[in-house]
Amino acid sequence: MKKQTGNRGRKSPPKTSASTRQKQLEIEAEGIVRLNKYIAHAGICSRREADNLITSGRVKVNGKVVTEMGQKIKTSERVEVDGHVIRPEEHVYILLYKPKDTITTTSDERDRNTVMDLIEDATGKRVYPVGRLDRNTTGLLLFTNDGELANRLMHPSYNVRKIYEVVTTSRLSDEDMARMKAGVDLEDGPAKAYHVSRMETHPNGIKLSVFEGRNHLVRRMIQAVGSEVVTLKRTIYGGLSLKGMRRGRWRFLKDREVNELRTLVKLLDKKSLKK
Ligand code: URA
């Protein structure tokens, strides 16, 4: 696949990754798809939530209410949810190297810089950030319109690893680091780092990995051991990294990366991945 990277300032036409085109073609060629999958592909909800919509009588196929789970339909059929016709959407996956002073929101009434401004040239489709980074946190932020994948990536039960590089106001002691590994008490429950080590590049720097995404989690963990964050950068999300990227730039995920994420959250069976 041709490498595509973000270039601020230069307008480019909406782009579609090879994987999304391929999937779309597969759906069209197949012609037949499970109803819950069709609904999930329209970006409304996950497949499981689609099952709930179906069993609660909110879905119509060709004007008739369908309540039976596991139903297959032709992609040419007319599907309505709550009276609105829906269509499967091509999925787009974008990785941004978020700079400082940008807000993770889809719109800001105070007209501040948002992450959406940085990826506006990437696609004509409506995509959403997967989780959030604080205004002055830098690093890896994912965007997609694949609601099913996004929901799972954000759900703590799927154990998606995030690695952060943190510079703190004071040098943390070995005991502080051990406390973070053992688990610190936060107002919304305990939080544990899976791994904590010192950064070689800064005397007050540590690297820590966590498996959850609660708001301000790392800042609050650092406060819990008596220090404050000076800089915070997310370098790893699932299997994705910032390798080769520059701050403020975006790129589409490769097919392999999308498949790896889908495997991680059990939307894809590892064995079905081609080597
Ligand atoms: N933890 C934080 O405190 N802030 C972030 O932006 C991400 C993780």
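**Figure 1. Polar contacts of the ligand in the predicted model.** In this predicted model, a polar backbone atom of L217 lies 3.4 Å from an oxygen atom of the ligand. H216 also contributes through its backbone, with an N or O atom 3.2 Å from a ligand oxygen atom. The contact of T137 involves the side chain instead: an N or O atom there is 2.8 Å from an oxygen atom of the ligand. The protein buries 97% of the 240 Å² that the ligand exposes when taken alone.

**Figure 2. The shell of residues around the ligand.** The residues that surround the ligand are L133, D134, T137, Y164, H216, L217, V218, R219 and L232. By class, five of the shell residues are nonpolar, two are polar and two are charged. Helix α7, which spans residues 217–224, makes the greatest contribution to this shell, namely three residues. Two domains take part: domain 2 (93–156 + 240–268) and domain 3 (161–237) each supply at least three residues of the shell.

**Figure 3. The hairpin of strands β13 and β14.** Strand β13 (residues 195–198) is paired with strand β14 (residues 205–210) in the antiparallel sense, and four bridges connect them. The connection from β13 to β14 is a hairpin of six residues. Within this pairing, H195 has S209 of β14 as its bridge partner. Strands of a sheet are held in register with one another through backbone hydrogen bonds, in either a parallel or an antiparallel arrangement.

**Figure 4. An aromatic pair formed by Y194 and F211.** Two aromatic pairs are found in a search of the whole structure. One of them joins Y194 and F211 in an edge-to-face arrangement, with 5.2 Å from centre to centre and 75 degrees between the planes. Y194 belongs to the loop between β12 (189–191) and β13, whereas F211 belongs to the loop between β14 and α7. The two residues are 17 residues apart, and their pair links distant parts of the chain.

**Figure 5. The open sheet β3-β2-β5-β6.** Four strands form an open sheet in the order β3-β2-β5-β6, and their pairing is antiparallel. Strands β3 (64–65) and β6 (84–85) are the edge strands, each paired on one side only. Strand β2 (residues 59–61) and strand β5 (residues 79–81) run antiparallel and are joined by three bridges. K60 has E80 of β5 as its bridge partner.

Definitions and conventions
Residues numbered from 1 in each chain as written. Predicted model: local features only at pLDDT ≥ 70, side-chain atom pairs only at ≥ 80, totals over all residues. Heavy atoms only, no water. Near = heavy atom within 4 Å. Polar contact = N/O pair within 3.5 Å; in protein donor to acceptor, adjacent residues only side chain to side chain. Areas by Shrake-Rupley, 256 points an atom, 1.4 Å probe, with all protein chains shown as cover. Nonpolar A, V, L, I, M, F, W, Y, C, P; charged D, E, K, R; others polar. Domains from an automatic or database assignment. Pairing = 2+ DSSP bridges. Phe/Tyr/Trp six-rings, centres within 6.5 Å; stacked < 30°, edge-to-face > 60°.
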